[in-house]
Amino acid sequence: MKLRIEPFDRLTAGELFAVLRLRQAVFYLEQRVDCEELDALDPRAVHLWCAADDGPTVACLRILPPGVRYDEASVGRVAVAAAWRRRGVARRMMRAALEYIDRTWSAPVRISSQEYVVPFYESLGFEVVSETYAEAGIPHRSMLRR
């Protein structure tokens, strides 16, 4: 498995298409998210994705610098293709994203986590800092890694 990380303006059209296609499959087709998935934050993000050895993109996320969405850096749009779940791909991506943030900004990280994956993020050092709220019709919790 290959892991890549690039700012938006360094993505090729093919890389961007693969990331957006995966996000569409997970968030729109699978989870039925009914709000805008592509937004004005994508061009300001650093994108991280994993490709299988035979080529297809199987997981992705985006990293936002401090001050873009929150005062802290943030990670979001974490998506893993259904066939690749429970193989440690999300953990590998998140560790790489957190290392990137530590190296680049040395900043705390705030995320908006779907409630059912809160324990996963807690295992990476995040703590819940909000009550449950709805985002895109899905229960979420705000979490912070200091």
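**Exercise 1. Find which residues lie nearest the centre of the largest pocket, and work out what surrounds them.**

*Solution.* Let's start at the middle and move outwards. Val78, Gln114, Tyr116, Val117 and Tyr121 lie nearest the centre of the largest pocket, out of 41 residues that line it. Keep in mind as you look that this is a predicted model.

Next, assign the lining to secondary structure. Two or more lining residues come from each of these elements: helices H1 (13-30), H2 (89-104) and H3 (118-122), together with strands E3, E4 (73-80), E5 (109-114) and E8 (138-145). Of the elements, E4 gives the most, with seven residues.

Then sort the lining by chemistry: 21 residues are nonpolar, 12 are charged and eight are polar. Finally, add the volume, which comes to about 1100 Å³.

**Exercise 2. Place Ala59 in the fold and decide whether it is buried or exposed.**

*Solution.* First locate the residue: Ala59 sits in strand E3, which spans residues 57-64.

Now check its accessibility. The relative value for Ala59 is 0%, and the cut-off for a buried residue is under 20%, so Ala59 counts as buried.

Who are its neighbours? Leaving out residues up to four places away in sequence, Ala59 touches Leu22, Leu48, Trp49, Cys50, Ala79, Val80, Val89 and Met93. Among these contacts, Leu22 falls within the range of H1, Ala79 and Val80 within E4, and Val89 and Met93 within H2.

For a sense of distance, try Glu122 as a partner: its C-alpha is 20 Å from that of Ala59, with the two positions 63 residues apart in sequence numbering.

**Exercise 3. Describe the secondary structure of the protein chain and test its radius of gyration against that of a compact globule.**

*Solution.* Begin by counting elements: the protein chain has three helices and eight strands. Along the sequence, they are arranged as β-α-β-β-β-α-β-α-β-β-β.

Now for the test. A compact globule of 146 residues would have a radius of gyration near 15 Å, and the protein chain has 14 Å, so the two agree. Along the principal axes, the C-alpha atoms fill a box of roughly 40 × 35 × 30 Å.

Contacts add another view. Taking those with a separation of 6 or more, 59% join residues 24 or more positions apart.

Last, look at what is covered and what is not. Buried residues account for 45% of the 146 in the protein chain. The chain exposes about 7900 Å², and carbon and sulfur atoms supply 50% of that area.

Methods:
Residues numbered from 1 in each chain as written. Predicted model: local features only at pLDDT ≥ 70, side-chain atom pairs only at ≥ 80, totals over all residues. Heavy atoms only, no water. Helix = DSSP H or I, 4+ residues; strand = E, 2+ residues; numbered from the N terminus. Buried < 20%, exposed > 50% of the residue type's maximum accessible area, 1.4 Å probe, protein only. Contact = heavy atoms within 4.5 Å. 1 Å grid on protein atoms, 1.4 Å probe; cavity = no way out; pocket = protein on both sides within 12 Å on 5 of 7 lines; lining within 4 Å. Points joined across faces, edges and corners; volume = space filled by probe spheres on them. Nonpolar A, V, L, I, M, F, W, Y, C, P; charged D, E, K, R; others polar. Rg over C-alpha atoms; globule rule 2.2 N^0.38 Å. Areas by Shrake-Rupley, 256 points an atom, 1.4 Å probe, with all protein chains shown as cover.
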